[in-house]
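Hi there,

Here is the structure I promised to pass on to you. Have a look at it, and then read on for what I found.

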Amino acid sequence: MRKASSRSTKRRPPGRPSTLQSRPPRARTASAGQALPSPGEGKRGEDGHLAYLLRQAQAAARLSLERALASTGLTHPQFVVLTMLKAYPGLSGADCARMALLTPQTVNVIIGNLERDGAIRRAPHPVHGRMLQWTLTARGLALLAKARRHQGRNGAGCGGSGNRAGSWPAF
């Protein structure tokens, strides 16, 4: 039997707000009392370090893509796996994980869900019998096409059409 934590038995003093209740937003200030720069300003802008700026751009692009994909029922990792399987039909799960920059465990779950939904199909490798190769079905191609239309319409990702550098959306 689990021992009750001391947190659950403590009572909050009267008049103190619950953590679930909304609190007024804190002013964004640095520890020295200086206001934090908004995205695109100071070190968060042209004066910033390249790695941080790339991470900031990646986070904005992913958020934009996730919002665009919401109506399609696909997650960002599922979209990446479908994209890789369209570009490189016959990938194994491990190869797909390497291409998609995901863990093999994550890709294994994604592949199981996509196969269950009829978006991809498996076939044994012609030489290595234990290795499975994955390809898109007609349903998978239609799902990917729908996701790409939503991506392009919402300006998600880098460029929306073709994903070429130089056509970055304004963040």
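Let me start with a question: is Leu101 buried or exposed? Leu101 is exposed, because its relative accessible area is 76%, and the cut-off for exposed is over 50%. You will find Leu101 in the loop between α4 and α5. Leu101 also has a positive phi of about 60°, although this residue is not a glycine. Before you go further, please keep in mind that this is a predicted model.

**The whole protein**

The protein has six helices and two strands. Starting at the N terminus, the order of the elements is α-α-α-α-α-β-β-α. The protein has 171 residues, and 26% of them are buried. Its accessible surface comes to about 12500 Å², with 55% of that belonging to carbon and sulfur atoms. If you take the contacts between residues at least 6 apart in sequence, 39% of them join residues at least 24 apart.

**Helices α4 and α5**

A word on how to talk about such pairs: two packed helices are described by the angle between their axes and the distance between the axes. On either side of the loop with Leu101 are α4 and α5. Helix α4 covers residues 93-100 and helix α5 covers residues 104-116. Their axes come within 9 Å and cross at roughly 115°. The range for roughly perpendicular is 65 to 115 degrees, so α4 counts as roughly perpendicular to α5. The crossing of α4 past α5 is right-handed.

Which residues of α4 and α5 meet? From α4 there are Gly93, Cys96 and Ala97, and from α5 there are Pro104, Val107 and Ile111. Five of the residues in this contact are nonpolar, one is polar and none is charged.

**Helices α3 and α5**

Helix α5 also packs with α3, and here the axes come within 10 Å and cross at roughly 80°. α3 and α5 are therefore roughly perpendicular to each other. On the α3 side the contact is made by Pro77, Gln78, Val81 and Leu82, while α5 brings Val107, Ile110, Asn113 and Leu114. Six of the residues in the contact of α3 with α5 are nonpolar, two are polar and none is charged.

**Two residues to look at in α3**

Try Val81 in helix α3. Val81 counts as buried because its relative accessibility is 0%, and the cut-off for buried is under 20%. What does Val81 touch, leaving aside its neighbours within four places in sequence? Its contacts are Cys96, Leu102, Val107, Ile110 and Leu114. One of these partners is worth a closer look: Val81 and Cys96 are 15 residues apart in sequence, yet their C-alpha atoms are 6.8 Å apart in space. Cys96 is also among the α4 residues that meet α5.

Then go to Gln78, which lies in α3 too, the helix of residues 76-87. Gln78 has a relative accessibility of 12%, so this residue also counts as buried. Again leaving aside neighbours within four places in sequence, Gln78 is in contact with Gly73, Ile110, Asn113 and Leu114.

To see these parts together, you could show α3, α4 and α5 and then pick out Val81, which is in contact with Cys96 and Val107 among others.

Enjoy exploring, and write back with any questions!

Best wishes

Definitions and conventions:
Residues numbered from 1 in each chain as written. Predicted model: local features only at pLDDT ≥ 70, side-chain atom pairs only at ≥ 80, totals over all residues. Heavy atoms only, no water. Helix = DSSP H or I, 4+ residues; strand = E, 2+ residues; numbered from the N terminus. Buried < 20%, exposed > 50% of the residue type's maximum accessible area, 1.4 Å probe, protein only. Contact = heavy atoms within 4.5 Å. Areas by Shrake-Rupley, 256 points an atom, 1.4 Å probe, with all protein chains shown as cover. Axes fitted to C-alpha atoms, helices over the stretch in contact; angles between N-to-C directions. Parallel < 35°, antiparallel > 145°, perpendicular 65-115°, else oblique. Left-handed = near helix turned anticlockwise from the far one by under 90°. Nonpolar A, V, L, I, M, F, W, Y, C, P; charged D, E, K, R; others polar.
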